[in-house]
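The following report walks through the contacts and the architecture of one protein chain. It begins with charged side chains and then turns to strands, cores and rings.

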Amino acid sequence: QVQLVESGGGSVQAGGSLRLSCTASGYRGSLYLMAWFRQAPGKEREGVASIYSDGMPSYTDSVRGRFSISQDTAKNTLYLQMNTLKPEDTAVYYCAARRFGSLRYKDSLQAYLYAEWGHGTQVTVSS
């Protein structure tokens with residue numbers, strides 16, 4: 001069973017930066033698709049960024065140009081570099097993984113694509 005553990009959350013002022021990490025374990029080979037989601041209080045969970053095992057990234061419009069998703073396959077770790085943070089980025093951030101696949105999805109930021117989830121890490125951005 002795939003296990004995902006997030007770290008790196010915290011509190012930062014607007015304009016600051018944070019880097020989230022997600023360490024994956026409990027599987028062999030590579031994970032086909034990984035992503036970061038977030039959920040703010042009173043809002044639905046939304047996809048933030050995804051990355052295929054071959055490195056192809058995708059971003060939601062609100063973070064494109066500010067956030068960068070990457071992975072270190074040797075360390076089984078997914079990253080989310082978040083720059084120029086805004087108060088509206090405040091949320092619990094979740095790591096998600098899809099173990100197998102062969103297609104490029106039209107929208108890889110849909111939660112139903114992912115069977116494996118971490119427990120989340122809080123990011124708070126103050127103005």
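A salt bridge is counted here when a side-chain nitrogen of Lys or Arg lies within 4 Å of a carboxyl oxygen of Asp or Glu. With that criterion, Arg38, Glu46, Arg66 and Asp89 are linked in a network of salt bridges. The model is a predicted one, and a search of the whole structure yields five salt bridges.

**Salt bridges**

Three of these contacts, with the separation between N and O atoms, are set out below.

| Acidic residue | Basic residue | N to O distance |
|---|---|---|
| Glu46 | Arg38 | 2.6 Å |
| Asp89 | Arg38 | 2.9 Å |
| Asp54 | Arg104 | 2.3 Å |

Arg38 meets Asp89 in a salt bridge, and because Asp89 belongs to the loop between β8 and β9 while Arg38 belongs to strand β4, this pair ties together parts of the chain that are 51 residues apart in sequence. Arg38 counts as buried at 5% relative accessibility, and Asp89 likewise counts as buried, at 1%. Glu46, which also meets Arg38 in a salt bridge, counts as partly exposed, with a relative accessibility of 31%.

Which parts of the chain does the salt bridge between Asp54 and Arg104 tie together? The closest N and O atoms of this pair are 2.3 Å apart; Asp54 sits in the loop between β5 and β6 (57-59) and Arg104 in the loop between β9 and β10, so the contact joins parts that are 50 residues apart in sequence. Asp54 is exposed, at a relative accessible area of 54%, whereas Arg104 is partly exposed, at 44%.

**An open sheet**

Strands of a sheet pair through backbone hydrogen bonds, in either a parallel or an antiparallel manner. In this model, four strands form an open sheet in the order β1-β3-β8-β7, and their pairing is antiparallel. The edges are β1 (3-7) and β7 (67-72), each of which pairs on one side only. On average, and with direction ignored, neighbouring strands of this sheet are turned by 15 degrees against each other.

At one edge of the sheet, β1 pairs with strand β3 (residues 18-25) in the antiparallel sense over five bridges, and the bridge partner of Gln3 in β3 is Ser25. Elsewhere in the sheet, strand β8 contains Met82, which counts as buried because its relative accessibility is 0%. The C-alpha atom of Met82 is 5.9 Å from that of Arg19, although the two residues are 63 residues apart along the chain.

**Nonpolar cores**

In soluble globular proteins, nonpolar side chains tend to be buried together. The largest nonpolar core of this model has 29 residues, of which Met34, Trp36, Leu80, Met82 and Tyr93 touch the most other members. The strands β3, β4, β5 (46-52), β7, β8 (77-82), β9 and β11 (121-126) each supply at least two residues of this core. Another core, of eight residues, lies apart from it, and its members include Leu33, Ala35, Tyr52 and Leu113.

**Aromatic rings and charges over them**

The structure holds four aromatic pairs. In one of them, Phe37 and Tyr114 are arranged edge-to-face, with a centre-to-centre distance of 5.4 Å and an angle of 75 degrees between the planes. Why is this pair called edge-to-face rather than stacked or tilted? Its planes are 75 degrees apart, and the edge-to-face class applies because an angle over 60 degrees is what it requires.

The same two rings link distant parts of the chain, since Phe37 lies in strand β4 (residues 33-39) and Tyr114 in the loop between β9 (91-98) and β10 (116-117), 77 residues apart. Are these ring residues buried or exposed? Phe37 counts as buried at 1% relative accessibility, and Tyr114 is buried as well, with a relative accessible area of 4%. Ring pairs further link Phe37, Tyr114 and Trp117 into a cluster.

Trp117 also takes part in a contact with a charge, as the charged end of Arg45 sits over its ring at 4.8 Å from the centre. Arg45 lies over the face of Tyr94 too, 4.0 Å from the centre of that ring.

Key:
Residues numbered from 1 in each chain as written. Predicted model: local features only at pLDDT ≥ 70, side-chain atom pairs only at ≥ 80, totals over all residues. Heavy atoms only, no water. Phe/Tyr/Trp six-rings, centres within 6.5 Å; stacked < 30°, edge-to-face > 60°. Buried < 20%, exposed > 50% of the residue type's maximum accessible area, 1.4 Å probe, protein only. Lys NZ or Arg CZ within 6 Å of the ring centre and 35° of its normal. Pairing = 2+ DSSP bridges. Axes fitted to C-alpha atoms, helices over the stretch in contact; angles between N-to-C directions. Core = buried A, V, L, I, M, F, W, Y, C linked by side-chain atoms within 4.5 Å.
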